[in-house]
Amino acid sequence: MATTVRRAVLTLPAAPLGPDNPLPALRTADEVHVFEKAGLDGRSREGMPRDMARQLGYEPLRSLLPVRIRDGYQRERQEAEFESVVIENEHLRVTVLPGLGGRIHSLVHLPTGRELLYHNPVFQPANFALNGAWFSGGIEWNIGATGHTTLSCEPLHAALVPAPDGGVMVRLWEWERLRDLPFQVDLWLPENSEYLYVGVRVRNPHERPAPVYWWSNIAVPEDPGTRVLAPADEAWHFGYERSLRRIPVPEWEGADRTYPLRSEYPADFFYEVEDGARPWIASLDAEGYGLAQTSTGRLRGRKLFVWGAGRGGRRWQEWLTEPGTGGYAEIQAGLARTQLEHVRLEGGAEFSWLEAYGPLAAEPGAVHGADWATARGAAERALARALPVERVDAAYKAWRECADSEPGERLAAGSGWGALEVMCGGFRLPGTPFEEAGLGEAQAPWAELWRTGVFPAPRRVAPPGPSLVGTHWRDMLETAPADPLTEYHLGVAQWHAGDVAQAVRSWERGLALAPSRWPLLRCLAASDALAGAAERAADGYAAAFEDLLAESRGGEAWTAAESALGREAMAALLAVGRLAGARAVWDRLRPALREQGRFRLLAARLLAAEGHVGAARRVFDEGFTVADLREGEETLAEVWSMLTNCPLPAAYDFRMRPPR
C-alpha cells in the first residue's frame, strides 16, 4: 500500500473558542513553570551542568505581547467539525489538525488497530497555554517560551511537498510571534514504514540572536501497568512547588516514578540523557506494547509529565475531557534538558532535527519484572530492531535536501502575521512562503502604517485591534502622527520594551484627546497596579469600566471587553477594600456575564468581604465552573477557606502541589 494523503473532517463534541480578550496582555500570566529553587539541594544552582545553569537564566519570557489572551471559551459542548489531514500507509494512519496548531490527533497502528496516543474524545479548551486556550491529547509542537505554545488553538499553514522517497509529505509552517521566528514541521510517512518521520526547522532570519524553546509533547494512555522508559539513570524533578532537584531513576522517595500513577501530585521528570546516548523515550503498557519516540541528536531532552494519583490531578484529568474517560501522561522531547531553559540561536542561523514516532514491543517480563538497567536495555534493543539509528540519520539527511522545497497544493491557511513581517523585513525563507495575499483584516492597519507612515483611524467604533511591539513597529509608531490610537499602540510597544515611563507618557498624551478613553485608562491602571499604587489603580479600573459601558455598542467584541475589564476592575477594587465600588461594577454587568464562573467566584469574594459569609457559601453550594481556571491556580481553595473549615469539595479541588 503506497502512502496516501487526503483531506477529512473530524467531528467531536466541542466547546467554541469564543472571542479573544481585546485587552493587551500587559501582565504575564502567573506561569507555574518558573523555578524558585534549583539545584541538587533544592536551594541553588550548584551542581548543575554549566550549559543548563546558563540557559535557565537566558531570556525568560517577559511578556505575552503581541499575542492576545484567549479566554472566551466556556464548557458547553456541541458537535463540531474540524478540518483534518490524514496520512496513511499499510502500517499507520496519522490524523493531523492544521487548524489547531498542527496537532497530531491520532496515530493508529493499522495491523493491530491500536491507538498509540491518548486522543481526546472532545475538544475542550482550558487555561494551560501561555495565552490561555489549550486542549489535551495527541502530539503538539511547542515553540516560543516555557509552557504550552500560544499556537495551541491557532491555524497553521499546511501544504503538500515532495517527500525524500518520491512520495508526498505534509508541511506545516507559521510565524511564532513571541520570539518572532518562523518554523516548519514536515510530516513524512515512507511507504512500508512503521514510523512517522517529522522534520522540524526553526529559523532566525534576524541579525540579532534569539532564544528558542521547543518541546514535542506526546499524550499517551495512563494505565496502572504503563511504564515510561528513557536512557537515563537520573532526572531533574520539577513540581508545582517550583523547585528543581536532581533525583535517581527509577525510584525516588520510596516509589518507582517511571509508572505515572505512582506519584501523588503532578510533576515533571526531565531525564538526564547520557552524553552520546541515542535520544529516545517510550511508554509501554503491561504487555510491553506502546509508543516510542526517537530523534537525531539536536533534540536532546526527554521528559515525563504525570498528573499523579491525588485528588487535584484526577480532577484536572476530568476537567480536560469527558467524565469516565481514561487518563493520560505526557512524554516529551526538547531542545534542552528542561523546559525551564531557552537555547540561543544566532542571527541568520537555524536549528533542525528529525523525529520518529511509531509502535514498540518489548518483552513484558523485561520491562516490568526486572531492574531498571534490564528494563531500559530491553526497550532500547527493541527500538534498535524496529528503527535502527542509522535509518534515522539517513532519513534526516534525505529530508534536509527537501526542506527548502516550495509547497504545492495548499491544505490550510495560517495567520497573516508572517506575511506582514516578511513584507516589512524583506526576509527570504525558502520552503515556507508567507505571501502578501495572506494579509487579513488584523494586519491591514499595520500594513498601511508600513506603506504610508500613518496608522489609520478605524472605520467604525470598536475595541482597539491587536498591538505590535517589535522594535521596527515601535520606531514607525514613534514617527507617525500622534493621534490617540497611535499613542495607545505606541505605549503598548514601549511597555513591552521595558520603557514604562515612556509608555505612561504616551498613554497620557493619547488620553487628552481620545474620544474613546477606556483603553488608555485601563493601560494606565495596569501600570499603577504594577507600580504598587493599588488605590490609584482601583480608581483607574473603575473609571475605565464606566467609560467602556458608556461607549459599548453590544456584540461579541464589546461583550468580551466588558467581561475582561469587569473582572480586572472588580479584582482591583476588592484588593483595596473598596466594596461599594466592586458592588457598583457587579451591578452594571450584563446578566449573562454575571452567570460566568469567574464572576460567580468574584461574587463570592465580594459577599464574604461584605460580611455575608453564608451567602458566599451558597454560591459554592449552588455550583459554578470557572472555565478559564489557570493551571496551578489555587483561588478556589483560598476563597473556600475564607468561608468555612469544611474540606474543599472535590468539584473545586484543582490543587497541584502538597499543602504548604
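Which residues does I104 touch, not counting residues up to four places away in sequence?

## The nonpolar cores

In this predicted model, I104 touches V94, T95, V96, L117, G138, I139, W141, L187 and L196, once residues up to four places away in sequence are set aside. I104 belongs to the largest nonpolar core, which has 87 residues, and it is listed with W141, L172, L187, W214 and Y271 as having the most contacts inside that core. The largest share of this core, six residues, is supplied by strand β27, which covers residues 350–361. A second core, separate from this one, has 58 residues, among them A514, C523, F545 and L574.

As background, nonpolar side chains in soluble globular proteins tend to be buried together.

## An open sheet of nine strands

Nine strands form an open sheet in the order β16-β22-β23-β27-β13-β12-β11-β10-β28, and their pairing is antiparallel. Because β16 (227–229) and β28 (410–412) stand at the edges and each has a single partner strand, one side of each is left without a neighbour in the sheet. From one strand to the next, the twist averages 20 degrees.

Several of the pairings can be followed strand by strand. Strand β12 (residues 181–188) pairs with strand β13 (residues 196–203) in the antiparallel sense over six bridges, and here Q184 stands opposite R201 in β13. Strand β13 also pairs with β27, again in the antiparallel sense, over eight bridges, with G199 standing opposite L354 in β27. Strand β27 is in turn joined to β23 by seven bridges, the two strands running antiparallel, and A292 stands opposite G358 in β27. Strand β27 is mostly covered, since 10 of its 12 residues are buried.

## Two helices across the sheet

Helix α4 (residues 372–386) lies across β16, β22 (280–284), β23 (289–295) and β27, and it runs at about 70 degrees to β16. Helix α5 (residues 389–400) lies across β11 (168–176), β12, β13, β23 and β27, and it runs at about 135 degrees to β27.

The length of α5 can be checked by a short calculation: at 1.5 Å a residue, its 12 residues should span 16 Å, and this agrees with the 17 Å found between its end C-alpha atoms. The buried residues of α5 are V392, A395 and W399. Seen down the axis of α5, these buried residues fall within an arc of 65 degrees, so they line one face of the helix. They pack against β11, β12, β13, β23 and β27, while E390 and K397, on the other side of α5, are exposed.

## Helix α10

The same kind of check can be made for helix α10 (residues 500–513), whose 14 residues should span 20 Å at 1.5 Å a residue; its end C-alpha atoms are 21 Å apart, which agrees. Its buried residues are A503, V504, S506, W507, G510 and L511, and because they fall within an arc of 160 degrees when seen down the axis of α10, they line one face of the helix. What covers these buried residues includes α9 (484–496) and α11 (518–530). On the other side of α10, A512 and L513 are exposed.

## Backbone features in the loops

Most residues other than glycine have a negative phi, and most peptide bonds are trans. Where does this model have a cis peptide bond with omega of about 10 degrees? One joins L65 and P66, and P66 has its place in the loop between α1 (50–56) and β3 (78–88). Another cis peptide bond joins V249 and P250, also with omega of about 10 degrees, and P250 is placed in the loop between β18 (243–248) and β19 (251–252).

Positive phi values appear in loops as well. N192, a residue other than glycine, has a phi near 70 degrees and lies in the loop between β12 and β13. Because its relative accessibility is 48%, N192 counts as partly exposed, the exposed class being reserved for values over 50%. E253 is not a glycine either, yet its phi is positive, at about 50 degrees, and E253 lies in the loop between β19 and β20 (255–256). With a relative accessible area of 61%, E253 is exposed.

Key:
Residues numbered from 1 in each chain as written. Predicted model: local features only at pLDDT ≥ 70, side-chain atom pairs only at ≥ 80, totals over all residues. Heavy atoms only, no water. Core = buried A, V, L, I, M, F, W, Y, C linked by side-chain atoms within 4.5 Å. Buried < 20%, exposed > 50% of the residue type's maximum accessible area, 1.4 Å probe, protein only. Helix = DSSP H or I, 4+ residues; strand = E, 2+ residues; numbered from the N terminus. Contact = heavy atoms within 4.5 Å. Pairing = 2+ DSSP bridges. Axes fitted to C-alpha atoms, helices over the stretch in contact; angles between N-to-C directions. Expected span 1.5 Å × (residues − 1). Arc of directions from axis to C-beta.
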